[in-house]
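Starting a fresh page for this one. I'll jot down what I look up as I go.

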Amino acid sequence: MRVFVKDPSARIDYKIDWGAGHLGNDIIQSSIWTVTPQHENAIFAAESSHDGKITTVTIEGGVSGRVYDVRNQVVLENGERDERSISFRVEKR
């Protein structure tokens, strides 16, 4: 798994392209983003959206020296569920 480096004050959009060889004709019905670990000043999903094939999340916050997993769970129109994760290491830049 790839780990992205993020400054605690940065506000950055990240995307997951679920349509690239995965969904076929299916489309995303819902998308939920979660962060672990959760604590005061942890990374959080400030905004999120999807267009049926690509999910987007705006990440903010985080404590320098900590690593966070940001998970995206999607439910497709056919009822199938899937999940992918992005890891972030927070460092002051």
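**Phe 4 and its ring partners**

I began with Phe 4, which counts as partly exposed because its relative accessibility is 25%, and partly exposed covers what falls between the 20% and 50% cut-offs. A note to self before going on: this is a predicted model.

Next I wanted the aromatic pairs. How many does a search of the whole structure find? It comes back with 3. I looked into the one between Phe 4 and Phe 88: the ring centres are 5.9 Å apart and the planes sit at 35°, so this pair is tilted. For that label the angle has to be neither under 30 degrees nor over 60.

Where do the two rings come from? Phe 4 is in strand S1 (residues 3-6) and Phe 88 is in strand S7 (residues 81-90), so the pair ties together parts 84 residues apart in sequence. Then I checked Phe 88 itself: buried or exposed? Phe 88 is buried, at a relative accessible area of 0%. I also wrote down that ring pairs link Phe 4, Tyr 14 and Phe 88 into a cluster.

**The open sheet**

Tyr 14 made me look at S2, which spans 12-17. I found 3 strands forming an open sheet, ordered S2-S5-S4, with antiparallel pairing. S2 and S4 (44-50) are the edge strands, each pairing on one side only. On average, neighbouring strands here are turned by 20° against each other, ignoring direction.

I zoomed in on S2 and strand S5 (residues 54-60): they run antiparallel, and 6 bridges join them. Which residue in S5 stands opposite Ile 12? I found Ile 59 there. A reminder for myself: strands of a sheet pair through backbone hydrogen bonds.

**More on S7**

Back to S7, this time for Ser 87, which lies in that strand. Ser 87 is buried, with a relative accessible area of 5%. I looked for a side-chain partner and got Asp 69, joined to Ser 87 by a polar contact of 2.6 Å.

I looked up Arg 84 too. Its charged end sits over the ring of Trp 18, 4.2 Å from the ring centre.

**The loop before S7**

Last stop was Gly 79, in the loop between strand S6 (67-76) and S7. I have Gly 79 down as partly exposed, with a relative accessible area of 46%. I also checked Gly 79 against Asp 26: they are 53 residues apart along the chain, and their C-alpha atoms are separated by 9.9 Å.

Notes:
Residues are numbered from 1 along each chain as its sequence is written. This is a predicted model: local features need pLDDT of at least 70, side-chain atom pairs count only at pLDDT 80 or more; totals for chains, interfaces and linings use all residues. Side-chain values use heavy atoms; hydrogens and water are left out. Two strands pair if DSSP finds at least two bridges between them. Helices (H or I, at least four residues) and strands (E, at least two) are DSSP runs, numbered from the N terminus. Axes are lines fitted to C-alpha atoms, for helices over the stretch in contact, and angles run from 0 to 180 degrees between N-to-C directions. Rings of Phe, Tyr and Trp (its six-membered ring) pair if their centres lie within 6.5 Å; planes under 30 degrees apart count as stacked, over 60 as edge-to-face and the rest as tilted. Buried means under 20% relative accessible area, exposed over 50%, partly exposed in between (1.4 Å probe, protein chains only). A charge sits over a ring if NZ of Lys or CZ of Arg is within 6 Å of the ring centre and within 35 degrees of the ring normal. A polar contact is a pair of N or O atoms within 3.5 Å; within protein, one must be able to donate a hydrogen and the other to accept it, and residues adjacent in sequence count only if both atoms are side-chain atoms.
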